[in-house]
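Got the viewer open? Keep the selection tool handy, and we'll walk through this one stop at a time.

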Amino acid sequence: MARPRAFDEHHVLERAREQFWATGYAGTRMDDIAQATGLGKGSLYGAFGDKGKLFHRVYGDWCTAVVEVAEERLAGGPDAEALARLSGYVHLMAENTASDTERRGCLLAKGAAELAQHDPTVAERSAETMTALLTLLRTEITAAQRHGDIDSAADPERLAALLLTVVRGIEAVGKAGLAPETLRTIADTALAVLPRPEGQNRGATEHSPAPGN
């Protein structure tokens, strides 16, 4: 009969994530993770496998969380509120980046940039996550089109790709040092350029304070 683990797995994964996030995959040693988590390397290997497997676990959990945050904002609902849901999500992402004073960026982007070219697991998980985000955005854009808030002649797939690129790009330029107000302006502008029916008021996309992280 296997003995129960004498540690909090969630806590260990959280500490391992913080270490990978701070120093990157290549810059992180199992000794670093052992020190950060308080576990011996033997316990880490026994519970999670080698460094690559541990990173895959951490990275997968992070990607799941990224999609869950989007689902909270873009989970559907009345078509009349679809444009507001889109606006809330884009502004939330801008605010999250603006509040990242350490400029760590998103582990999704950092992991993909460092490993996707050579690590099929990271590449596949990254693509799955982006596809899920694209689907959520496209669904809300289509709902806004049904309600008449976005031009029905526009291609929802292309608009969703535009917003996804803006959201992920805000993170990149924020990490590079652009001011928080500039990040908010980028979000406002991206929403303002969504094609609206002739004579439609664009007030629904104007910036309003986003909820906290």
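Start with the surface: the protein chain of this predicted model exposes about 11,100 Å², and 53% of that comes from carbon and sulfur atoms. Of the 213 residues in the chain, 40% are buried. Turn the view along the principal axes, and the C-alpha atoms fill a box of roughly 65 × 40 × 30 Å.

Now switch to cartoon. You'll find 9 helices and 0 strands, so the pattern along the sequence reads α-α-α-α-α-α-α-α-α, with helices and strands taken as DSSP runs. Among contacts with a separation of 6 or more, 69% join residues that are 24 or more positions apart.

**Stop one: α1 on α4**

Select helix α1, residues 9–23, and helix α4, residues 51–73. What angle do the axes of α1 and α4 cross at? Roughly 95°, and the axes come within 10 Å. Angles of 65 to 115 degrees count as roughly perpendicular, and α1 and α4 are therefore roughly perpendicular to each other.

Show side chains here. From α1, pick Glu9, Leu13, Ala16, Arg17, Phe20 and Trp21; across from them in α4 are Lys51, Leu54, Phe55, Arg57, Val58, Asp61 and Trp62. Colour this contact by class and you get 8 nonpolar, no polar and 5 charged residues.

**Stop two: α2 and what it packs on**

Move to α2, residues 30–37. Which residues of α2 are buried? Select Met30, Asp32, Ile33, Ala34 and Thr37. These buried residues pack against α1, α3 and α4, so bring those helices into view, counting heavy atoms within 4.5 Å as contact.

Just past α2, click on Gly38: its phi is positive, near 80°.

Carry on to α3, residues 41–48, and select Ser43, which is found in that helix. Ser43 is partly exposed, at 37% relative accessibility. For a sense of reach, draw a distance from the C-alpha atom of Ser43 to that of Asp155: the two are 112 residues apart along the chain and separated by 52 Å.

**Stop three: α4 again, this time with α6**

Go back to α4 and add α6, residues 107–115. The axes of these two come within 9 Å and cross at roughly 135°. That makes α4 oblique to α6, and α4 passes α6 in a left-handed crossing.

For the side chains, select Phe55, Val58, Tyr59, Trp62, Cys63 and Val66 in α4, then Leu107, Leu108, Gly111, Ala112 and Leu115 in α6. By class, the residues of this contact divide into 10 nonpolar, 1 polar and no charged. Phe55, Val58 and Trp62 may ring a bell: these α4 residues meet α6, and they are also among those that meet α1.

**Stop four: the loop into α6**

Step back to the loop between α5 (82–98) and α6, and pick out Arg103. What is the sign of phi at Arg103? Positive, near 55°, in a residue other than glycine. How covered is the Arg103 side of this loop? At 44% relative accessibility, Arg103 counts as partly exposed.

**Stop five: α5 with α9**

Select α5 together with helix α9, residues 180–192. They pack at an angle of about 160°, with their axes 9 Å apart. That makes α5 roughly antiparallel to α9, since angles over 145 degrees count that way. The crossing of α5 and α9 is right-handed.

The α5 face of the contact has Leu86, Ser87, Val90, His91, Ala94, Glu95, Thr97 and Ala98, and the α9 face has Pro180, Leu183, Arg184, Ala187, Asp188 and Leu191. Sorted by class, that comes to 8 nonpolar, 3 polar and 3 charged residues.

**Last stop: Ala190**

Stay in α9 and zoom in on Ala190. Buried or exposed? Ala190 has a relative accessible area of 7%, so it counts as buried, the cut-off being under 20%.

Which residues does Ala190 touch, leaving out those up to four places away in sequence? Leu163 and Val166. Measure across to Leu163 to finish: Ala190 and Leu163 are 27 residues apart in sequence, and their C-alpha atoms are 7.0 Å apart in space.

Notes:
Residues numbered from 1 in each chain as written. Predicted model: local features only at pLDDT ≥ 70, side-chain atom pairs only at ≥ 80, totals over all residues. Heavy atoms only, no water. Helix = DSSP H or I, 4+ residues; strand = E, 2+ residues; numbered from the N terminus. Buried < 20%, exposed > 50% of the residue type's maximum accessible area, 1.4 Å probe, protein only. Axes fitted to C-alpha atoms, helices over the stretch in contact; angles between N-to-C directions. Parallel < 35°, antiparallel > 145°, perpendicular 65-115°, else oblique. Left-handed = near helix turned anticlockwise from the far one by under 90°. Nonpolar A, V, L, I, M, F, W, Y, C, P; charged D, E, K, R; others polar. Areas by Shrake-Rupley, 256 points an atom, 1.4 Å probe, with all protein chains shown as cover.
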